[in-house]
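Work through the following exercises with the sequence and the coordinates side by side, and try each task before reading its solution.

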Amino acid sequence: STTTAPTSTASTSSEMNEISLADTKRVGREDTGYVNIPKDWIKNSETKVQYVSPDQYNAVVLYNFTKDKVELGSGETFGAELMANRTYAKFKNSKEVDQIKGVKAKFAGEEAFLLKVLFTDSKYYLCWFFQKGEKIYAIEAEGSEDMLNALRPVFEQTWSLEAKTPGQ
């Protein structure tokens, strides 16, 4: 199975950047879910599910929120939208943020809220928030536009609570 995503490079504007599932490895934990990432990425944290590319520029982090750990303000309801809105608010007034956008998206078959951020240093950040059962899951990715465009369909198709890659 191969996913493709259009990317742009200095040489051509329509070159396809592909990441084959055969070139990925499964990472994650029972509490954060599992996702496939490029084989050459390395674990970057003892406590978090966080991996980085060999050049340290691209990264992915998996985490979750549970009702007992989230303080709700008056009128707030625990859910993926709340966590997306809180994260959006943190980024909104940052001097390092050039553009920010929140959209509804599908992620691993779930309704999700996706934050897309472009930083002033040209680095991109994507974060999906979605709820499954009593937990809200978040998948954060940051790095180059080309890498995130190539990884996005891999993340969207492979995230699950199963340790094995879906379809295998």
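**Exercise 1.** How many bridges join S5 to S6, and do the two strands run parallel or antiparallel?

Solution. In this predicted model, S5 and S6 are joined by two bridges and run antiparallel. To check this on the structure, start from Ile42, whose bridge partner in S6 is Val52.

**Exercise 2.** Follow the pairing onward from S6, and set out the order of the strands in the sheet.

Solution. The next step leads from strand S6 (residues 49-52) to S7, an antiparallel pair held by four bridges, in which Gln50 stands opposite Val61 of S7. Six residues lie between the strands of this hairpin, and Gln56 has a positive phi near 70°. From S7 the pairing passes to S11, again in the antiparallel sense, over eight bridges, with Ala59 opposite Glu142 of S11. The full order is S5-S6-S7-S11-S10-S9-S8, an open sheet of seven strands with antiparallel pairing. Its edge strands are S5 (42-43) and S8, each of which pairs on one side only.

**Exercise 3.** Which residues of H1 are buried, and what covers them?

Solution. First locate helix H1 at residues 80-92, where its 13 residues reach 18 Å from the first C-alpha to the last, close to the 18 Å expected. Taking under 20% relative accessible area as buried, the list is Ala80, Leu82, Met83, Ala84, Thr87 and Phe91. Their cover includes strands S7, S8, S9, S10 and S11; S7 is itself mostly covered, with six of its eight residues buried.

**Exercise 4.** Across which strands does H2 lie?

Solution. Helix H2 (residues 145-158) lies across S7, S8, S9, S10 and S11, and runs at about 15° to S10.

How values were computed: Residues numbered from 1 in each chain as written. Predicted model: local features only at pLDDT ≥ 70, side-chain atom pairs only at ≥ 80, totals over all residues. Heavy atoms only, no water. Expected span 1.5 Å × (residues − 1). Buried < 20%, exposed > 50% of the residue type's maximum accessible area, 1.4 Å probe, protein only. Contact = heavy atoms within 4.5 Å. Pairing = 2+ DSSP bridges. Axes fitted to C-alpha atoms, helices over the stretch in contact; angles between N-to-C directions.
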